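I have a new structure open today and a fresh notebook page. Come along while I jot down what I look up.

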Amino acid sequence: MMTKVAASSARPADPCCLIIFGASGDLTHRLLVPALYNLAASGLLPDAFALIGVARSPSSSEAFRDDLAKSLPKFATRDIDERVVKKLLAYVRYVQGEPDDESTYAQIGQELACIERERSTNGNRLFYLATPPAGFAPIGCHLGQSGLAREQNGAWRRLVVEKPFGTDLASARALNQKLLGILKEDQIFRIDHYLGKETVQNILVLRFANGLFEPIWNRHHIEHVQITVAESLTVGRRGSYYDATGALRDMVPNHLFQLLSLIAMEPPSRFAADAVRAEKAQVLNAVQLQNDAEALRNSVRAQYQDGYVENRPVEAYRKTKDVNPQSTTETYVALRLLIDNWRWAGVPFYLRTGKALRAKQTEVAIKFRQAPIAMFRETPVERLAENFLVIGIQPNECIGLKFNAKIPGPSIAIGGVGMTFNYEDYFETPPSTGYETLIYDCMIGDAILFPRADGIEAGWSVVQPFLDAWRDAGAKGLAAYRAGSDGPAEADQLLARDGHHWRPIA
Ligand SMILES: NC(=O)c1ccc[n+]([C@@H]2O[C@H](COP(=O)([O-])OP(=O)(O)OC[C@H]3O[C@@H](n4cnc5c(N)ncnc54)[C@H](OP(=O)(O)O)[C@@H]3O)[C@@H](O)[C@H]2O)c1
């Protein structure tokens with residue numbers, strides 16, 4: 001029986017007040033407060049902690065606290081301990097106000113003054129923008145103008161911005177410019193909750209804490225890379241948001257590019273925020289920018305049709321509530337990208353993500369070049385198993401290696417086998433929301449897991465040619481796939497052109 005290793009210990013975060021804008025929303029109730037609960041249960045939340053919720057809906061501090069206490073058991077990932085809840089919700093305030101109204105910020109200032117007197121939060125403030133994106137710039141500007149976010153007397157003031165960070169290159173640049181006009185880069189934490197996943201963070205450890213992989217982590221040994229973020233869920237009730245967004249904007253510049261940059265970046269000089277973030281931005285800057293014709297040739301966009309996902313009947317995307325029945329918004333995208341640097345020149349990176357697919361599965365699969373096979377004359381090359389290193393992100397948290405082995409017997413026959421490391425076999429980690437590490441890092445000022453402005457803009461620069469080419473093409477070239485399938489046939493052809501094929505979605 002293997003002994004499991006418990007999660008590593010860390011110090012409690014700095015005393016602080018967390019001010020959540022959009023506090024009446026889904027993110028706050030479903031993820032942020034349960035994550036704060038988990039931090040408190042693990043002893044990582046400071047004793048001197050206070051929470052201010054801000055939203056337009058009428059409520060009071062008492063009603064807001066009751067509302068959080070009631071919703072917490074519904075969304076908690078662990079058994080609830082009332083003592084922890086009491087500690088977490090010991091000091092909760094609610095400010096009702098319009099995000100555009102100066103008086104909202106005056107009220108927040110009054111609450112903060114009170115908290116900082118009574119609660120010894122040392123003037124440290126973490127502002128969290130959990131509103132729709134339209135609120136990000138106006139709230140950021142008001143925080144700047146009101147002086148609430150100005151650092152002084154050794155107190156830190158930080159701003160967390162949720163995704164999506166812009167809807168194209170121009171809007172991402174404009175948002176960066178606005179926020180950087182108010183705050184310093186090291187005060188801004190652009191959150192991508194994918195980076196809260198242990199398996200994603202482990203990519204850095206796998207690559208840079210082992211001598212085994214880095215020497216072969218390049219074009220000489222790697223044939224291609226597949227990054228898959230498959231969802232079995234449909235668009236559901238998010239029709240109006242999704243129809244204006246699509247799979248490319250929703251997933252690629254953030255989640256898929258985070259995975260790509262961790263896989264493809266050069267080793268940073270130090271494990272420190274600026275060194276890591278600079279390398280991540282650098283590799284995104286090296287992704288080849290495509291012209292219109294290349295963008296169309298190297299991408300597939302598609303919508304799901306009627307079908308069955310995990311035995312549930314699913315209606316076509318265009319029949320979804322709040323979706324235009326003639327919509328050309330893609331629910332699936334596959335891209336073929338190249339990285340123009342010495343490590344990766346000529347190695348295709350295939351990215352795919354979509355809704356209503358066969359199963360929920362996020363993984364990075366690295367395909368190594370085939371061995372010279374002259375030795376095994378009786379075993380035709382097609383019969384050799386492919387060498388893949390597969391990093392399972394979710395739901396299977398694992399690392400697997402696929403290779404060839406001799407099938408027992410008097411003759412040389414070769415069969416594909418696999419070795420798999422499953423996280424749960426080795427480590428004891430209580431179920432989490434994925435936001436714990438990120439919120440904790442904001443509270444201790446560790447920005448390693450948060451993209452910088454240049455990284456965000458580099459990502460949008462890569463995506464923009466696809467957005468432009470698709471806009472110009474309209475419905476032409478929009479493919480279809482059956483709900484519950486692995487995606488459209490056109491995505492298979494994208495790889496077949498290079499002699500490759502997707503790994504099946506499990
Ligand atoms: N929910 C998730 O799982 C999730 C995951 C990742 C990222 N996000 C991001 O997190 C943000 C919040 O998402 P959500 O799901 O919590 O949305 P939501 O349920 O619609 O909540 C939005 C909140 O913002 C307030 N609000 C609405 N319009 C506003 C505006 N124009 N200006 C300021 N406040 C406004 C709403 O309260 P009032 O109407 O009372 O003001 C509500 O409290 C979004 O940017 C989303 O993309 C959400």
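Here are my entries, from the whole chain down to single residues.

**Entry 1: the whole chain.** I started by noting that this is a predicted model. I counted the elements next and found 15 helices and 19 strands. The C-alpha atoms fill a box of roughly 80 × 55 × 45 Å along the principal axes. I then looked up the radius of gyration, which is 24 Å; a compact globule with 506 residues would have one near 23 Å, so the two agree. As for burial, 41% of the 506 residues count as buried. I also checked how far along the chain contacts reach: among those with a separation of 6 or more, 79% join residues 24 or more positions apart.

**Entry 2: the nonpolar core.** Which residues have the most contacts inside the largest nonpolar core? I found Ile19, Leu36, Tyr128, Leu129, Leu159, Val160 and Leu351, in a core of 131 residues. Helix α9 (residues 246–264) gives the largest share of this core, with 11 residues. Two domains feed the core, and at least three residues come from each: domain 1 (11–162) and domain 2 (195–366 + 436–443 + 453–496). A general reminder for my margin: in soluble globular proteins, nonpolar side chains tend to be buried together.

I picked Tyr128 for a second look. Setting aside neighbours within four places in sequence, tyrosine 128 is in contact with Leu18, Ile19, Ile20, Phe21 and Val160.

**Entry 3: the sheet.** I followed an open sheet of nine strands, and wrote down its order as β17-β16-β15-β14-β8-β13-β12-β9-β19, with mixed pairing. Which strands stand at the edges? They are β17 (413–422) and β19 (478–482); each has a single partner strand, so one side of each has no neighbour in the sheet. From one strand to the next, the twist averages 20°.

**Entry 4: strand by strand.** I walked through part of the sheet, starting at β8 (residues 222–230), which runs antiparallel to β14 and is joined to it by eight bridges. In this pair, valine 225 stands opposite isoleucine 366 of β14.

Is β14 (residues 361–368) mostly covered or mostly open? It is mostly covered, as seven of its eight residues are buried. On to the next pair: six bridges link β14 and β15 in the antiparallel sense. Here alanine 365 stands opposite valine 390 in β15.

Valine 390 turned up again one step further, opposite glycine 400 in β16. Strands β15 (residues 388–394) and β16 (residues 398–407) are antiparallel too, with five bridges between them.

**Entry 5: helices across the sheet.** Helix α7 (residues 198–208) lies across β15 and β16, and I noted an angle of about 145° to β15. Helix α15 (residues 489–496) lies across β9 (299–305), β12 (332–337), β13 (349–354) and β19, at about 155° to β9.

**Entry 6: one serine.** I closed with serine 61, which lies in helix α2 (residues 61–75). Why does serine 61 count as partly exposed? I found 15 other C-beta atoms within 10 Å of it, while a residue needs 20 or more to be buried and 12 or fewer to be exposed. Beyond its neighbours within four places in sequence, serine 61 is in contact with Val92, Arg93 and Tyr94. Lastly, I looked up its distance to glutamate 424: the two are 363 residues apart in sequence and 40 Å apart in space, C-alpha to C-alpha.

Conventions
Residues are numbered from 1 along each chain as its sequence is written. This is a predicted model: local features need pLDDT of at least 70, side-chain atom pairs count only at pLDDT 80 or more; totals for chains, interfaces and linings use all residues. A nonpolar core is a set of buried Ala, Val, Leu, Ile, Met, Phe, Trp, Tyr and Cys residues joined through C-beta atoms within 7 Å. Helices (H or I, at least four residues) and strands (E, at least two) are DSSP runs, numbered from the N terminus. Domain bounds come from an automatic or database domain assignment. Two residues are in contact if their C-beta atoms, placed from the backbone, lie within 7 Å. Two strands pair if DSSP finds at least two bridges between them. Axes are lines fitted to C-alpha atoms, for helices over the stretch in contact, and angles run from 0 to 180 degrees between N-to-C directions. The radius of gyration is taken over C-alpha atoms; the globule rule is 2.2 Å times the number of residues to the power 0.38.
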